[in-house]
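User: I am new to reading protein structures and would like a close look at one part of this one. Could you pick out a single strand, walk me through its surroundings, and then show me the wider setting?

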Amino acid sequence: MDIRELQRLDAAHHLHPFNDNAALAKRGTRLLTRGEGCHVWDADGNRLLDAFAGLWCVNVGYGRRELGEVAAKQMQDLAYYNSFFQCTTEPTVRLAAKLAELMPHDLNHAFFTNSGSEANDTILRMVRHFWAVQDKPRKNIFIGRHNGYHGSTVAGASLGGMKGMHKQGGLPIPDIHHIDPPFWFGDGGDLPEEEYGRICAQRLEDKILELGADRVAAFIGEPVMGAIGVWIPPRNYWQEIEKICRRHDVLLVADEVICGFGRTGEWFGAQTFDFRPDIMTLAKGITSGYIPLGAVMFNDRVAEVLATRGGELAHGYTYSGHPVCTAVALENIRILQEEGIVERARDHVAPYLAQRWRELGEHPLVGEARIVGMVGALELVPDKPGRRGFAEKGVVGTRCRDIALANGLILRATNDAMLLSPPLVITREEVDELFGKAWKSLDMTA
Ligand code: PLP
């Protein structure tokens with residue numbers, strides 16, 4: 001492989017998502033060539049511990065041959081057919097049924113997409129349709145949260161609350177509002193957890209009352225907010241949110257694109273935080289990132305209205321329920337279940353990971369080390385007791401990320417938070433490797 005030539009071609013022809021492409025062209029992109037378990041190798045031969053599971057997604061780890069074999073077999077048997085023309089395929093039906101079985105309650109009905117963004121686009125249309133066919137066309141407002149992330153399509157980015165994304169392309173689209181999410185560290189963290197949880201949830205009720213419950217269709221949130229920096233809510237937050245949604249007949253949507261498939265300890269974030277969404281969106285861990293796939297799970301109430309009163313569902317993608325993708329998802333779930341990967345991570349690895357992560361929290365550069373299950377963040381600060389961020393956001397975080405990479409560790413940085421989301425198959429020895437490389441990188445950053 002001629003690395004320099006590939007870098008030249010990359011700079012000349014390839015626009016990278018979520019990147020300053022001019023800066024990247026100067027620096028030269030890193031080419032990844034191979035993965036095994038929790039490690040990936042780059043074209044220069046460096047072995048890197050991937051503490052971010054690609055992009056929160058490689059839950060079963062790299063190099064699982066079974067997933068490739070299932071994909072190859074399905075491509076040979078029937079490479080493609082859709083579910084549009086009164087048809088479908090076996091893996092797609094089996095996956096819908098398997099997901100219904102895995103869901104914590106009556107989220108029994110799957111609609112397939114290619115990505116998490118498309119899953120969130122789907123709910124925007126389907127929820128509005130759900131209310132419209134019940135003669136409530138004005139009940140069409142979505143409430144999301146500032147700094148939430150629900151994808152990069154027009155609807156996904158509008159439901160999300162990332163200011164930088166709203167600036168590009170004139171978002172959000174109309175009838176989407178946002179409230180402040182819980183952010184313990186940023187809000188000073190001096191209230192008792194329950195009280196803080198109630199105060200943050202009350203922001204939703206205040207917004208519903210301001211807009212009128214007859215106008216509010218749904219509330220959407222990530223059980224743990226990932227992209228903004230792994231903001232973990234107070235324990236009671238989601239239960240309070242659910243009560244408010246029920247009081248005002250507002251549908252509750254859990255975006256489990258990151259949290260689903262074991263990331264927060266339980267199979268789904270709604271189980272970790274003990275609440276019952278009406279709709280759940282999934283992607284990433286559904287195939288461990290081996291092939292693109294997203295899904296929306298609807299509960300019986302919503303599905304009944306869509307299926308029996310909604311008329312023709314004027315929504316879908318060429319690749320909704322692509323048989324190769326659904327076959328890979330089934331195999332991925334088989335691996336997760338038969339090898340007890342979620343339970344092993346929750347019971348044997350997560351407690352040790354949390355212990356070592358909190359040790360990193362003792363480093364002078366770290367203001368807070370937060371973690372739930374297999375997802376966490378280190379908040380870097382200039383002055384440890386002051387709990388304030390750096391005056392210029394993101395400079396130190398980016399430096400720490402680059403130093404970690406040079407030390408053989410992939411951690412993502414959002415502003416000055418270093419994010420952790422390793423493959424669920426990480427071992428205790430690899431957790432020690434992670435700790436050693438992270439501590440050294442913090443030392444070199446300070
Ligand atoms: N929702 C959440 C919570 C996400 O973190 C992401 C991606 O990171 C998405 C939605 C969008 O998923 P995708 O990138 O597959 O479109």
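Analyst: Happy to! One thing to keep in mind is that this is a predicted model. Before we get to the strand, a word about the ligand: the residues of the shell around it divide into five nonpolar, eight polar and two charged. That shell has 15 residues, and those that come nearest to the ligand are Ser115, Gly116, Ser117, Gly151 and Val257. Helix H6, residues 116–132, gives the shell its largest share, three residues.

Now for the strand, S8, which covers residues 251–255. Is S8 enclosed or open? Five of its five residues are buried, so S8 is largely enclosed by the rest of the structure. You can check this face by face: Leu251, Val253 and Asp255 lie on one side, Leu252 and Ala254 on the other, and all of them are buried.

Which strands pair with S8? One partner is strand S7 (residues 216–221), which runs parallel to S8 and is joined to it by four bridges. Look for Ala218, which stands opposite Leu251 of S8. Together, S7, helix H10 (residues 237–247) and S8 make a right-handed β-α-β unit. Another partner is strand S9 (residues 279–282), paired with S8 in the parallel sense over three bridges. Here the residue to find is Asp255, whose bridge partner in S9 is Thr281.

Let's step back to the wider setting. The protein is divided into domain 1 (31–63 + 340–445) and domain 2 (67–338). Their centres, taken over C-alpha atoms, are separated by 26 Å. The contact between them takes 28 residues from domain 1 and 24 residues from domain 2. On the side of domain 1 that touches domain 2, at least two residues each come from helix H3 (53–56), helix H14 (341–360), strand S11 (366–372), strand S12 (375–380) and S15. H14 supplies the largest share of that side, five residues. Sorted by class, that side of domain 1 has 15 nonpolar, eight polar and five charged residues.

S15 also gives us a residue to finish on: Met418 lies in this strand, which spans residues 417–420. Why does Met418 count as buried? Because it has 31 C-beta neighbours inside 10 Å, and 20 or more is enough for that label. Leaving aside neighbours within four places in sequence, Met418 is in contact with several residues, among them Ala377, Leu378 and Leu380. Finally, compare chain and space: Met418 and Gly229 are 189 residues apart along the chain, yet their C-alpha atoms are separated by 7.6 Å.

Key
Residues numbered from 1 in each chain as written. Predicted model: local features only at pLDDT ≥ 70, side-chain atom pairs only at ≥ 80, totals over all residues. Buried ≥ 20, exposed ≤ 12 C-beta atoms within 10 Å, placed from the backbone. Contact = placed C-beta atoms within 7 Å. Near = placed C-beta within 6 Å. Nonpolar A, V, L, I, M, F, W, Y, C, P; charged D, E, K, R; others polar. Pairing = 2+ DSSP bridges. Right-handed = clockwise from strand over helix to strand, strands pointing away. Domains from an automatic or database assignment.
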